[in-house]
Amino acid sequence: VQPRNILKDFLSVNKDKIIVKDKEKRVVYSKINKIFCLCIGKASIDMAKTARDILIKTKKLSKGIVVVNKENFKKIDGFECFCSGHPIPNKEGHIAAKSIEENLKNLTKDDLVLIFISGGGSALLSYPAKGISLNDKKELNKILLESGANIKEINSVRKHISLIKGGNLARMCFPSRVHSFILSDVVGDDLSSIASGMTIPDNSTFQDVIKILRKHKIWNKIPKNVKNHIIKGLENFDLETPKKNNSIFQNVSNTLIG
């Protein structure tokens with residue numbers, strides 16, 4: 001499952017066209033202004049190198065971003081590389097998330113964002129919702145990891161206190177075209193659980209989050225700012241994670257590569 005062994009089977013270049021193929025479909029991207037690459041997760045270094053080697057054939061490739069854990073960190077030509085915290089989020093992950101948001105701001109519908117996602121992305125890319133500090137998030141993460149909650153439950157909570165998880169990265173990319181290549185570290189390969197489903201519609205709600213926290217008897221243990229945000233989310237749908245019918249997903253595709 002090393003990305004260098006499998007990514008070339010899914011991603012290729014034909015003149016100025018980017019071709020993605022998997023078992024179910026073949027997608028061709030043409031009339032591209034520029035290509036922006038994001039590599040998020042513990043396999044990011046190999047993802048970035050392999051993607052660069054494939055995409056070097058086109059002159060559309062602009063600067064990319066890599067967010068990876070300390071143990072796997074390396075600098076790669078053509079990428080801004082962030083060494084981030086895992087399994088506990090740190091300020092470098094927050095800086096990386098802000099840099100991604102800034103780089104995505106100027107993209108148009110003629111641009112293509114290729115996102116390479118692997119395990120660990122939830123902790124590595126930290127962008128707490130308004131009113132929640134990084135320390136709040138770190139404390140919540142610690143409580144969740146010790147609670148006995150499963151990965152799907154943990155990620156449902158994480159998504160609802162983040163500005164980048166649970167489909168919110170797709171929101172940042174809008175209106176450009178987006179294709180994610182996902183390397184699974186989750187049994188059953190639920191795409192919404194891998195790295196907290198950054199480009200996947202989220203089916204869970206703030207109501208579900210409260211149920212999870214009560215189920216594991218940690219509702220009264222979580223940081224006050226987190227609890228306040230969840231309560232606000234029950235009343236304000238604008239704070240909810242983007243759902244399947246949201247227009248931001250019209251030009252978003254996701255491919256499981258391994």
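Q: How many residues does the largest nonpolar core have?
A: In this predicted model, the residues with the most contacts inside the largest nonpolar core are L104, V113, I115, L125 and L169. At least two residues of this core come from each of strand 4 (35–40), strand 5 (64–69), helix 3 (91–104), strand 7 (112–117), helix 7 (168–173) and strand 8 (177–182). Counted in full, the largest nonpolar core has 32 residues.

Q: How many residues has the other core that lies apart from the largest one?
A: Among the residues of this other core are L7, I18, C81 and I257. Its total is 31 residues.

Q: Is G167 buried or exposed?
A: G167 sits in the loop between helix 6 (151–159) and helix 7, and, leaving aside residues up to four places away in sequence, G167 touches G197, M198, T199, I200, P242, I248 and F249. One of these, G197, is 30 residues away in sequence, yet the two C-alpha atoms are 6.1 Å apart in space. Because its relative accessibility is 0%, and buried means under 20%, G167 counts as buried.

Q: Which element gives the most residues to the lining of the largest pocket?
A: The largest pocket, with a volume of about 370 Å³, is lined by 21 residues, of which A129, K130, L163, H229 and L239 lie nearest its centre. By class, this lining has six nonpolar, eight polar and seven charged residues. The elements that give two or more residues to it are helix 7 and helix 9 (224–235). With four residues, the element that gives the most is helix 9.

Terms used
Residues are numbered from 1 along each chain as its sequence is written. This is a predicted model: local features need pLDDT of at least 70, side-chain atom pairs count only at pLDDT 80 or more; totals for chains, interfaces and linings use all residues. Side-chain values use heavy atoms; hydrogens and water are left out. A nonpolar core is a set of buried Ala, Val, Leu, Ile, Met, Phe, Trp, Tyr and Cys residues joined through side-chain atoms within 4.5 Å. Buried means under 20% relative accessible area, exposed over 50%, partly exposed in between (1.4 Å probe, protein chains only). On a 1 Å grid over the protein atoms alone, a cavity is a set of points where a 1.4 Å probe fits but cannot get out, and a pocket is an open set with protein on both sides within 12 Å along at least five of seven lines; lining residues have an atom within 4 Å of a point. Grid points are joined across faces, edges and corners, and a volume is the space filled by probe spheres set on the points. Ala, Val, Leu, Ile, Met, Phe, Trp, Tyr, Cys and Pro count as nonpolar, Asp, Glu, Lys and Arg as charged, and the others, Gly among them, as polar. Contact means heavy atoms within 4.5 Å.
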